[in-house]
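Colleague: I've got the model open and I'd like a close look at one part of it. Could you walk me through how the helices pack against each other?

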Amino acid sequence: IDDRRFCDVWTAKRKSGHGRSAVFLEMRRKGASREAAQEALDGWDGEEEYLSARKTAEKLIRQGRDQAHVMAALRRRGYAPSLCLRALNSLKEESD
């Protein structure tokens, strides 16, 4: 399988529950070229990544996790800090 095909499949499989940086690093660790990994991520919509972060945050909050724990968990999953804050803020606004 070529790098590009692998990266497309890997991105589609992992983008639910993981951020761009985590998916990129996973592909690189598996031996994909930087270019193929980046090209696969270029097709990933920013809103789609936000919704994935929000869904993950919502799940963690339902489990009783506090905001600091949720933020740390989202960061470990490769979401950008600004995206984590956006997801947490939107959930907080809904609960108010």
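Modeller: Here is the helix packing, one pair at a time.

First, the ground rules: this is a predicted model, where local features need pLDDT of at least 70, side-chain atom pairs count only at pLDDT 80 or more, and totals for chains, interfaces and linings use all residues. Residues are numbered from 1 along each chain as its sequence is written, and side-chain values use heavy atoms, with hydrogens and water left out.

The chain has six helices and zero strands, so called from DSSP runs numbered from the N terminus (H or I, at least four residues, for helices; E, at least two, for strands). Read from the N terminus, the order is α-α-α-α-α-α. Along the principal axes, the C-alpha atoms fill a box of roughly 50 × 20 × 20 Å.

Start with helix 1 (residues 3–14) and helix 3 (residues 34–42): their axes come within 8 Å and cross at roughly 40 degrees. Axes here are lines fitted to C-alpha atoms, for helices over the stretch in contact, and angles run from 0 to 180 degrees between N-to-C directions. Helix 1 and helix 3 are therefore oblique to each other; under 35 degrees counts as roughly parallel, over 145 as roughly antiparallel, 65 to 115 as roughly perpendicular, and the rest as oblique. The crossing of helix 1 and helix 3 is right-handed, meaning that the near helix is turned clockwise from the far one by less than a right angle (anticlockwise would be left-handed). On the helix 1 side, the contact (heavy atoms within 4.5 Å) uses Asp3, Arg4, Cys7, Asp8 and Thr11, and helix 3 brings Ala36, Ala37, Glu39, Ala40 and Leu41. That contact has five nonpolar, one polar and four charged residues. For the classes, Ala, Val, Leu, Ile, Met, Phe, Trp, Tyr, Cys and Pro are nonpolar, Asp, Glu, Lys and Arg are charged, and the others, Gly among them, are polar.

Helix 1 also packs on helix 2 (residues 20–29), at about 140 degrees with the axes 10 Å apart. That angle makes helix 1 oblique to helix 2, and the crossing is right-handed. Here Phe6, Cys7, Trp10, Thr11 and Arg14 of helix 1 meet Val23, Glu26 and Met27 of helix 2, giving five nonpolar, one polar and two charged residues.

Further along, helix 4 (residues 46–62) and helix 6 (residues 81–95) have axes that come within 9 Å and cross at roughly 55 degrees. So helix 4 is oblique to helix 6, again in a right-handed crossing. Residues in this contact include Tyr50, Ala53 and Ile61 from helix 4, and Leu83, Arg86 and Leu91 from helix 6. By class it has eight nonpolar, one polar and six charged residues. Look closely at Arg86, whose charged end sits over the ring of Tyr50, 3.7 Å from its centre (the test is NZ of Lys or CZ of Arg within 6 Å of the ring centre and within 35 degrees of the ring normal).
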